[in-house]
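Colleague: Before I go back to the bench, I would like a close look at one strand position and at what surrounds it, and then at how the helices are packed elsewhere. Could you take me through it slowly?

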Amino acid sequence: MAGYTTTTPDWAVSNQSAVMSGIEGIKDTTVGNINPEYTAGNFKPRKKNLTEDEIVEGVSNCDRTVLSRAITLIESNNPQHFAKAQRVLQRLLPRTGKALRVGITGVPGAGKSTLIEAFGNMLCDAGHKVAVLAVDPTSSITKGSILGDKTRMGTLSRRVEAFIRPSPAGGTLGGVARKSRETMLMCEAAGYDVILIETVGVGQSETIVRSMVDFFMLVVLTGAGDDLQGIKKGIMELADAIVVNKADGDNLVKAKVTRGEYERMIEFIRPATEGWPTHAYLASAIEKTGLEELWQVVQVFKKLTTESGVFQKRRDSQLLDWMYAMIDEHLHNLFFGDAVINGRMPEIKDAVLGGVISPTQAVAELVKIFDVKRAAEKKVDLFNA
Ligand SMILES: Nc1nc2c(ncn2[C@@H]2O[C@H](COP(=O)(O)OP(=O)(O)OP(=O)(O)O)[C@@H](O)[C@H]2O)c(=O)[nH]1
Ligand SMILES: [Mg+2]
């Protein structure tokens, strides 16, 4: 059983009572961790905790301060905050689902953030309300990359039609996926009709984002060559469009060549979306060229897939996949986090290795122990921690 972690998923109810730092209005008053503002004598009265009704109303009216605080609740690892966020989300659910969800991936430095800023500005000019999110399963508590992006998206972040939110901090992969999805739903409830989601880092973030969005763009650079700039074929298989960015200045000619190379490669790849041929396009986030065309492509995609039913089919399967993934994670953590199971594990492992029992018998034994233990425990109510 080596390799299994025994952490509890961040959304599971536990008996933990510690208050997480970083939640507005709450300070950890543990000795040695006193708010320095306090001791410096310039203590400001803390912000009032918003009620459930106030959050639902504030988000519905697109009050950005309330929306931010609602997302902070979603991201909190405190069980009470989690439960409150779930109740709010439940009430806002009828307002969700109407936005177009677009994911943007690509190697570091490909120009994703710059492209999102240019694209976001263009969409705001056209009357849309745009929310920009990032997904970074490796981000630590500091939310480092997000701050960087906020400054890089300087003009967009100052617009009232736009809302930019960094990736939820680390934790389990399932935790980041859950928080990102629920953040997206909160933004939709607030009336944002285009959601742009940037993947940060290479690896798991592409899969998480693909599983949340309708349309997925892969941003690439010139000089695809044989090595595909480290982009695996697997990622090309997820893309509904390949955008050769930085098609400007001296790079334009090379960009055109690269586009042709990608077009040829795509022919051998199964399309990401049934009935939609993936193509490569040129863009320059700096010179703001190719962006209108790209938006046209997204619009045509939406129209065609809506008519064919593929659009809704994907959303439905995304919802169910999400539910199953959460069940998997929850059960996994309940099982491997269980003290009795952990207590018996060494002995059972030895028995398997010694050829005394088969792995199948070991599983039967462990599950029996687990069942008996669970049956004796009280039921879990995720919504009322
Ligand atoms: N010439 C040119 N430079 C660009 C273009 N788009 C982005 N850049 C530059 O490329 C660099 C990286 O851009 P980012 O937008 O930060 O790239 P990113 O993909 O978000 O990078 P990470 O978030 O670090 O993965 C910056 O210096 C940008 O100014 C473009 O269209 N043309
Ligand atoms: Mg970026």
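Modeller: A strand here is a DSSP run of E of at least two residues, whereas a helix is a run of H or I of at least four, and both are numbered from the N terminus. In those terms the residue to start with is I242, which is placed in strand β6, running over residues 241-244. Please keep in mind throughout that this is a predicted model.

The threshold for calling a residue buried is 20 or more other C-beta atoms within 10 Å of its own, and I242 has 23 such neighbours, so it counts as buried. Some of what surrounds I242 comes from elsewhere in the sequence: L218 is 24 residues away along the chain, yet the C-alpha atoms of the two are separated by 4.8 Å. If neighbours within four places in sequence are set aside, the contacts of I242 are L218 and V220, together with Y262, T278 and A280.

This position can be set against the whole chain, which has 385 residues, 35% of them counted as buried, and which is built with 15 helices and 7 strands. Of the contacts between residues at least 6 apart in sequence, 75% join residues at least 24 apart.

Turning to the helices, α8 covers residues 173-189 and spans 25 Å from its first C-alpha to its last, close to the 24 Å expected for its 17 residues. Of those residues 16 are buried, so α8 is largely enclosed by the rest of the structure. Following α8 is G191, whose phi is positive, near 100 degrees.

Helix α4, residues 79-92, packs against two other helices, and the first to consider is α2, residues 52-60, whose axis comes within 10 Å of that of α4 and crosses it at roughly 45 degrees. The two are therefore oblique to each other, and the crossing is right-handed. From α2 the contact takes E52, I55, V56 and V59, and from α4 it takes K84, R87, V88, R91 and L92. Sorted by class, these give 5 nonpolar and 4 charged residues, with no polar ones.

Against α3, residues 64-75, helix α4 packs at an angle of about 125 degrees, with the axes 7 Å apart. This pair, too, is therefore oblique, but here the crossing is left-handed. A70, L73 and I74 of α3 meet H81, K84, A85 and V88 of α4, a set that divides into 5 nonpolar residues, 1 polar and 1 charged. K84 and V88 thus serve in the contacts of α4 with both α2 and α3. In reading such lists it helps that an α-helix has 3.6 residues a turn, so residues three or four places apart point the same way.

The last pair is α14, residues 339-353, and α15, residues 359-375, whose axes come within 10 Å and cross at roughly 165 degrees. That angle makes α14 roughly antiparallel to α15, and α14 passes α15 in a right-handed crossing. On the α14 side the contact involves V340, I341, R344, I348, A351 and V352, and on the α15 side P359, A362, E365, L366, I369, F370 and K373. By class this contact has 10 nonpolar and 3 charged residues, and no polar ones.

Technical notes. Residues numbered from 1 in each chain as written. Chains lettered and ligands numbered in written order. Predicted model: local features only at pLDDT ≥ 70, side-chain atom pairs only at ≥ 80, totals over all residues. Axes fitted to C-alpha atoms, helices over the stretch in contact; angles between N-to-C directions. Parallel < 35°, antiparallel > 145°, perpendicular 65-115°, else oblique. Left-handed = near helix turned anticlockwise from the far one by under 90°. Contact = placed C-beta atoms within 7 Å. Nonpolar A, V, L, I, M, F, W, Y, C, P; charged D, E, K, R; others polar. Expected span 1.5 Å × (residues − 1). Buried ≥ 20, exposed ≤ 12 C-beta atoms within 10 Å, placed from the backbone.
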